[in-house]
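Here is a friendly walk through one protein chain. Have a look at the sequence and the fold, then read on for a tour of some of its residues.

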Amino acid sequence: MRESVQAEVMMSFLVSEELSFRIPVELRYETCDPYAVRLTFHLPGDAPVTWAFGRELLIDGVGRPCGEGDVRITPVEPEALGEVLIRLQVGSDQALFRSSSAPLVAFLDRTDKLVPLGQEGSLADFDAHLDEALDRILAEEQSTG
């Protein structure tokens, strides 16, 4: 059975130090791909963009700087759970978002109730859907690049 958790979070899309605007960002977690979360945003005039990355990266990034490569998540103030920066990068192109930590933690709490952290591999249908998930990710990469 395919189950999911979804949340819409208002985030600031940081264009530059002087310019930002708030947009709704969808977070999605599905039991058929239990290690990943998906973040989808839609900028005016563009098609929706979806990024998939590790749920554990988002969990860790709320409290400390995490990530290498294309996705990096860091708290704005490491000593407080106030806001988080999420940087998505492909080559020299990047999207930078600023979000309150509270809705991210609430979303992650709901994902943990659906599939507790560390129990992802115990899902009976995970192996059956792994090839499907990998094919989907490869297709997404090919369609964007």
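Helices (H or I, at least four residues) and strands (E, at least two) are DSSP runs, numbered from the N terminus. Before we set off: this is a predicted model, where local features need pLDDT of at least 70, side-chain atom pairs count only at pLDDT 80 or more, and totals for chains, interfaces and linings use all residues. Residues are numbered from 1 along each chain as its sequence is written, and side-chain values use heavy atoms, with hydrogens and water left out.

**Starting points**

Ala-7 sits in strand β1, which covers residues 4-14. Is Ala-7 buried or exposed? Buried means under 20% relative accessible area, exposed means over 50%, and partly exposed is in between (1.4 Å probe, protein chains only). With a relative accessible area of 15%, Ala-7 is buried. Thr-74 is 67 residues away from Ala-7 in sequence, and the two are 20 Å apart in space, C-alpha to C-alpha.

Gly-61 belongs to helix α1. Its relative accessibility is 0%, so Gly-61 counts as buried. Between Gly-61 and Val-84 there is a C-alpha to C-alpha distance of 7.7 Å, and they are 23 residues apart in sequence.

Over in helix α2 you'll find Phe-107, which counts as buried at 1% relative accessibility. Phe-107 and Val-49 are 20 Å apart in space, C-alpha to C-alpha, and 58 residues apart in sequence.

**Rings that meet**

Now for the aromatic side chains. A pair of aromatic rings is described by the distance of the centres and the angle of the planes. Here, rings of Phe, Tyr and Trp (its six-membered ring) pair if their centres lie within 6.5 Å; planes under 30 degrees apart count as stacked, over 60 as edge-to-face and the rest as tilted. How many aromatic pairs does that rule give? The count comes to four aromatic pairs. Take Phe-41 and Phe-97: their ring centres are 4.8 Å apart and their planes lie at 65°, so this pair is edge-to-face. The pair links distant parts of the chain, with Phe-41 in strand β3 (residues 36-41) and Phe-97 in strand β7 (residues 93-100), 56 residues apart. Both Phe-41 and Phe-97 are buried.

Ring pairs also join Phe-13, Phe-21, Phe-41 and Phe-97 into a cluster. Phe-21 lies in strand β2 (residues 20-30) and is partly exposed, with a relative accessible area of 32%. Phe-21 has a second role to note: together with Val-15 and Leu-19, it makes a nonpolar surface patch of about 240 Å². Patches are made of residues with over 30% relative accessible area and no salt bridge, where like charges are joined within 9 Å and nonpolar side chains (Val, Leu, Ile, Met, Phe, Trp, Tyr) within 5 Å. Accessible areas come from the Shrake-Rupley method with a 1.4 Å probe, and for residues only the protein chains shown count as cover.

**Charges that meet**

A salt bridge is a side-chain nitrogen of Lys or Arg within 4 Å of a carboxyl oxygen of Asp or Glu. By this rule the model has six salt bridges, and the table shows some of them.

| Arg | Glu | N to O distance |
|---|---|---|
| Arg-28 | Glu-30 | 3.3 Å |
| Arg-55 | Glu-120 | 2.8 Å |
| Arg-98 | Glu-83 | 2.8 Å |

Let's begin with the middle row, where Arg-55 and Glu-120 meet in a salt bridge. Arg-55 lies in helix α1 (residues 55-61) and Glu-120 in the loop between α2 and α3, so the pair ties together parts that are 65 residues apart in sequence. That loop runs between α2 (101-114) and α3 (126-144). Both Arg-55 and Glu-120 are buried, with Glu-120 at a relative accessible area of 6%.

Arg-98 forms its salt bridge with Glu-83. This pair links distant parts of the chain: Arg-98 is in strand β7 and Glu-83 in strand β6 (residues 83-90), 15 residues apart. Arg-98 is partly exposed at 30% relative accessibility, and Glu-83 is partly exposed too, at 34%.

As for the top row, Arg-28 is partly exposed, with a relative accessible area of 25%, whereas Glu-30 counts as buried at 12%.

**A word on cysteines**

How many disulfides does the structure hold? A disulfide is a pair of cysteine sulfur atoms within 2.5 Å, and the structure holds zero of them. Cys-32 is buried at a relative accessible area of 6%, and Cys-66 is buried at 10%.
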